Amino acid sequence: MRLKNLNGRPIIVVGGAGYIGSHVCKTISSKGGIPIVFDNFSAGHEHSIKWGPNELVDLRDSQATLNAFEKYKSVETVIHLASSIEVSHGENFPSEFYTNNVLGTLNLLNAMKNTNAKKIIFSSTCATYGEIDDVPIMETVTQNPSSVYGKTKLAIEHMIESFHKAYSLDYIILRYFNAAGADPEGDIGEEHDPETHLIPNALEAAANGKLMEIFGDDYDTIDGTCMRDYIHVNDIAAAHINSIKAQENGLVSADINIGTGTAYSVFQIINMIEKVTGYNVKYKICKRRAGDLSKLYADTSKAEMILGFKTKYSDLENIIQTAWNFYKNKNERFNPKK
Ligand code: UFG
């Protein structure tokens, strides 16, 4: 069900300057659409916007958000990826997370209600599930998030469902598992500041001989480290194109996991990084990180059934190879010590 041509259709991408957002924009453009980026550049980068216009919009400002929507009156579809994402940061700064994520999205939904934008594709997360014994995780399990981050995303899911019922907003909630890897053409990749994610941190450790921290080796998993379902960011981007198509075909509401169905431990990721880069990763075992869950991986059958979605880039070696290529591209004076 991949959409071949978006025929010059404009699509608002909120958070389009970020890691996942920029890959979504590139994919929209490659399918003939025009991504219009709304971003406040708190985490995203202007240099990641290459495929359409952009507006400086901070969702916490309800009037500015409405003004931006009124400027692009004819746009029907909104992809919403803007949020605070660092799980452990949310534990210490919940006010920031609820303001950015929940209040920001409420302002966004109100602006949509007052304009023509009647379809949303929302970037949710497997963190809304919380600790689930029954893996792979199906969309039907009771969501019981333990982190502030997961709670804000679940609150947004509920708001979107309410707007659907009351104001006929069509929605697809995509619950991403762990986005990873980079654009195979090297244009864009993961550039968080500070970087907290496993793969870029482990690449940095491989490249520079720095000691990285592993947060806990006493979880109930194959080797004691946390397990995650790493999905290539280009596959996540493609899921949005499938979602646009599904909405075009009449899908008015759905919540769908976007993962691979396979989980890897922190040590398995490090082993693959050593294989791909040819360098050793030095690490020390530290205490558990606040908000982390032991094992998360997706049941992918709903994505396949409803969206016709299958991953194409998410072989673990390819994920790490593309992330490594991007790392080397952006570090011009890259001169690793073995
Ligand atoms: N980890 C380390 N050392 C590091 C970084 C991470 O041991 O330097 C561990 C973490 O403790 C965790 C695993 O590697 O067990 C993955 O951590 P990430 O920070 O890469 O990813 P998270 O699972 O914490 O969170 C990410 C996104 C969220 C998203 C979530 C879904 O940041 O937005 O994936 O699982 F919701």
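This passage describes a predicted model, moving from its sheet to a helix packed across it, then to the ligand site and a histidine.

The strands offer a convenient place to start. Seven of them form an open sheet, and reading across it gives the order β3-β2-β1-β4-β5-β6-β11, with pairing in the parallel sense. The sheet ends at β3 (54-56) on one edge and at β11 (253-258) on the other, and each of these two strands pairs on one side only. From one strand to the next, the twist averages 20 degrees. Within this arrangement, β4 (residues 77-80) and β5 (residues 119-125) are joined in parallel over four bridges. Here H80 is found opposite F122 of β5.

A helix accompanies the sheet. Helix α7, spanning residues 233-248, lies across five strands, namely β1 (10-14), β4, β5, β6 (170-176) and β11. Relative to β6, helix α7 runs at about 160 degrees. The edge strand β11 is thus among the strands that α7 lies across.

Attention now turns to the ligand. A shell of 20 residues surrounds the ligand, and the closest of them are T125, N178, H197, E213 and D292. By character, the shell comprises 11 nonpolar, five polar and four charged residues. Several polar approaches to oxygen atoms of the ligand can be picked out. The side chain of N178 places an N or O atom 2.6 Å from a ligand oxygen, while for the side chain of N201 the corresponding distance is 3.0 Å. The backbone takes part as well: a polar backbone atom of F215 is 3.1 Å from an oxygen atom of the ligand. Taken alone, the ligand would expose 680 Å², of which the protein buries 93%. Two elements, α6 (198-208) and β8 (211-215), give two or more residues each to the surrounding shell. Of the elements, β8 gives the most, with four residues.

A final detail concerns H164, which sits in helix α5 (residues 148-167). The H164 side chain reaches the backbone oxygen of L169 at a distance of 2.8 Å. When neighbours within four places in sequence are set aside, the contacts of H164 are with L169, D170, Y171, V252 and S253. L169 therefore appears twice in this picture, as a contact of H164 within 4.5 Å and as the provider of the backbone oxygen that the H164 side chain reaches. Among the other contacts of H164, D170 and Y171 fall in β6 (170-176), and S253 belongs to the edge strand β11 (253-258).

Methods
Residues numbered from 1 in each chain as written. Predicted model: local features only at pLDDT ≥ 70, side-chain atom pairs only at ≥ 80, totals over all residues. Heavy atoms only, no water. Pairing = 2+ DSSP bridges. Axes fitted to C-alpha atoms, helices over the stretch in contact; angles between N-to-C directions. Near = heavy atom within 4 Å. Polar contact = N/O pair within 3.5 Å; in protein donor to acceptor, adjacent residues only side chain to side chain. Areas by Shrake-Rupley, 256 points an atom, 1.4 Å probe, with all protein chains shown as cover. Nonpolar A, V, L, I, M, F, W, Y, C, P; charged D, E, K, R; others polar.
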